[in-house]
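Trainee: Please show me how to read a salt bridge and a helix packing.
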Amino acid sequence: MFNQEKLMHYQVEQPSWSYYTTRVRRTMEEDQMERIMRLATQSAVVIFSISNCCMCHAMKSLFSGMGVNAMVHELDQDSKPFIRLLGNSTSLPVVFIGGKLVGSMDRVLAFHINGSLVPLLKDAGALWL
């Protein structure tokens, strides 16, 4: 004779639909994050920006004025999901130096003011002087 408790023990619940949609969303975000990291390592300095953002323009001008040829990815022309992963428009531009996340405008300017931006750029191979 079968015991009802043993029978219940072997029954497996099927995952809900929300489990699958959450899993797909996480996989897509992981794929997009991998793409961001791949793009961030393609050049010594990589800037993710929006084309009509004044802070993004100032960041591009700062690096250009220093003689750094930064690779710029305009997110509004490339892909909207990147904006959601990297942050909203108030956290852009996002700067990677030597494949490592430096941060947004305030962080880069803090490095520039305290004198640690130039050595960081030299270590990444973006400056030779």
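Mentor: The salt bridge comes first, then the packing of two helices. This is a predicted model, where local features need pLDDT of at least 70, side-chain atom pairs count only at pLDDT 80 or more, and totals for chains, interfaces and linings use all residues. Side-chain values use heavy atoms, without hydrogens and water, and residues are numbered from 1 along each chain as its sequence is written.

Trainee: How many salt bridges does a search of the whole structure find?
Mentor: Side chains of opposite charge can pair when their charged atoms come close. The criterion is a side-chain nitrogen of Lys or Arg within 4 Å of a carboxyl oxygen of Asp or Glu. The search finds one salt bridge; Glu74 and Lys60 form a salt bridge at 2.8 Å, N to O. Glu74 lies in strand E2 and Lys60 in helix H3 (residues 54-65), 14 residues apart. Helices (H or I, at least four residues) and strands (E, at least two) are DSSP runs, numbered from the N terminus.

Trainee: Is Glu74 buried or exposed?
Mentor: Buried means under 20% relative accessible area, exposed over 50%, partly exposed in between (1.4 Å probe, protein chains only). Glu74 is buried at 17%, while Lys60 is partly exposed at 21%.

Trainee: At what angle do H3 and helix H6 pack?
Mentor: Axes are lines fitted to C-alpha atoms, for helices over the stretch in contact, and angles run from 0 to 180 degrees between N-to-C directions. H3 and H6 (residues 105-113) pack at about 30 degrees, with axes 11 Å apart.
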